[in-house]
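Biologist: Hello! Could you walk me through this structure, one topic at a time?

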Amino acid sequence: PFWLYALFYGLLLIIGKALFPLLQWIAFVAGVLFLTMKFDDVLPWKYVLVFIPFYFWMLFRAIEAGKQRAKANADMEKMATIEYIEKYVINEKKQDEEGNDIEAQMHRTYNDLSTEEKDEINERYVIVHVPPKASAPGDTNDEEDDMEDELEKIERSPEYQEALARHEDAFKTLVRIIVPEIPLLVLVILQLDMGKSWNWGLTFLPLWIALFMECCGGCYGFCCTASLAHIEVQEEMAEHFEKQKEAKQAQKGEENNDSSNEKKENDEEVVGDASAMTGEVTADNVSSDKAETDTTAESATEAHWADEAIEAEVNSMGVKAIREELESYGLSTTAFVEKSEFVAALVKARKEGKTPIEKKSEDPVNEEDEVDDDYFEMDEDTFHHFQQAEVEAENKATEAQSKAIASFCSIIFQTIMAVLFVVKLNRSYTNEDEIVIDGGSSYSSFWILFPFFLVAG
């Protein structure tokens, strides 16, 4: 069945004109063929020669991975947004022979180009489509869009993400070839051709290391991705609140500036009016001296009558009312016993022009709200925005965890296969000069293929 599958898959690669995958498949099938011939004693070669097709198999894979990585790097370097193309390529400023800019150039968009011009630009650049940057309601991203670098816009595009994924896949392929495939192949050849008595579990040590590293990567993806996604949403929320705080402070500063400017203008008007009045007062100084004397006498008489009115009003008040008014002025009444003492203190306070002292708010929450301006407001739209962001972060985390679980399943399957194969080798090769695949004290080779049959149902 394997040979039939190999033939069918090879025909598909030929039809698809996939050169490097075809070469890799031919080398792999040739390596399996040489191994079967070696086990059947048809080839008397050493294993270092039997594994020659596998050398070419790894070489072709490394070459393809290198080319794929180079192509991904080239695509990422050629990427540009449509705004960049229209500003710096299509509408590039042209200069005359003296190096001066030619004015009155016609502005064209990408859609205005002909088919030949579009093909030429598409050969030089990879035009990416940048998705709109999500922002909370009320945030104005005009300045941020202007400040956002061209590379940052490209990194958010799906074309860049696809090229980055191809680059990472190629890198992983190279890492797999270096560790564990090359060290494992070297150790197997040393074990078989040089008659080393190593345990096959130690011989497959590079494979165990590779599986352990993949398991660590899966643990990181399963455990940390969800936390990182939610941390990003929290950082975005904190940034939104910080912008809201800065906007409020800026608005408050503008209001203070407006009030200070208005006060300054009023002061200037008062100074002007005072200057105008100074001239009139100077002209009438002589005539006003007598009027001032009369006014002073009248003022003294009015003050005397006002003091008598205050004393009469206070005398008509009760002791309780007098005590409450004195306490409102912040004056202590504990030393007063007679009503006359209360009356004298209140009359003195009124003559001095004392005013009631405002009491502090008994509600600490309201007081804090009045004093503290650094509070955050979240309207319904903003709440729904961040709630949606949390849902998207949860979906991304779930997707990453699903990939991690799939990776775990693959690692477990590979580990089971490798363990069955290593135990089989240890039991078949313990007291033999050559590997005995079937027979002896070991279990049947069928059990090595049992995981495949179990997965296939």
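Modeller: Happily; below, your questions are answered in turn.

Modeller: This is a predicted model, in which local features need pLDDT of at least 70 and side-chain atom pairs count only at pLDDT 80 or more, while totals for chains, interfaces and linings use all residues. Residues are numbered from 1 along each chain as its sequence is written, and side-chain values use heavy atoms, with hydrogens and water left out.

Biologist: How many disulfides does a search of the whole structure find?

Modeller: A disulfide is a pair of cysteine sulfur atoms within 2.5 Å. The sulfur of Cys215 has its closest cysteine sulfur in Cys219, at 4.3 Å, which is too far for a bond. For Cys216 the closest cysteine sulfur is that of Cys215, at 6.0 Å, again too far for a bond. The number of disulfides found in the whole structure is 0.

Biologist: Is Cys216 buried, exposed or partly exposed, and which is it by relative accessibility?

Modeller: Buried means under 20% relative accessible area, exposed over 50%, and partly exposed in between (1.4 Å probe, protein chains only). The relative accessibility of Cys216 is 35%, so Cys216 counts as partly exposed.
The relative accessibility of Cys215 is 26%, and its class is likewise partly exposed.

Biologist: Which helix gives the largest share of the nonpolar patch?

Modeller: Patches are made of residues with over 30% relative accessible area and no salt bridge (a side-chain nitrogen of Lys or Arg within 4 Å of a carboxyl oxygen of Asp or Glu); nonpolar side chains (Val, Leu, Ile, Met, Phe, Trp, Tyr) are joined within 5 Å, and like charges within 9 Å. The nonpolar patch includes Phe2, Trp3 and Leu33, and has about 820 Å² of accessible area together, by the Shrake-Rupley method with a 1.4 Å probe. Helices are DSSP runs (H or I, at least four residues), numbered from the N terminus. With 7 residues, the largest share comes from helix 1.

Biologist: Where does Glu120, of the negative surface patch, lie?

Modeller: Glu120 forms this patch with Glu116, Asp119 and Glu123; Asp and Glu count as negative. Its relative accessible area of 47% makes Glu120 partly exposed. Glu120 lies within residues 115-124, which are helix 6.

Biologist: Which residue does a cis peptide bond join to Val179?

Modeller: The omega of this bond is about 20°. The partner of Val179 is found in helix 9. That partner is Pro180.

Definitions and conventions:
The place of a charge is taken as NZ of Lys, CZ of Arg, CG of Asp or CD of Glu. Helices (H or I, at least four residues) and strands (E, at least two) are DSSP runs, numbered from the N terminus.
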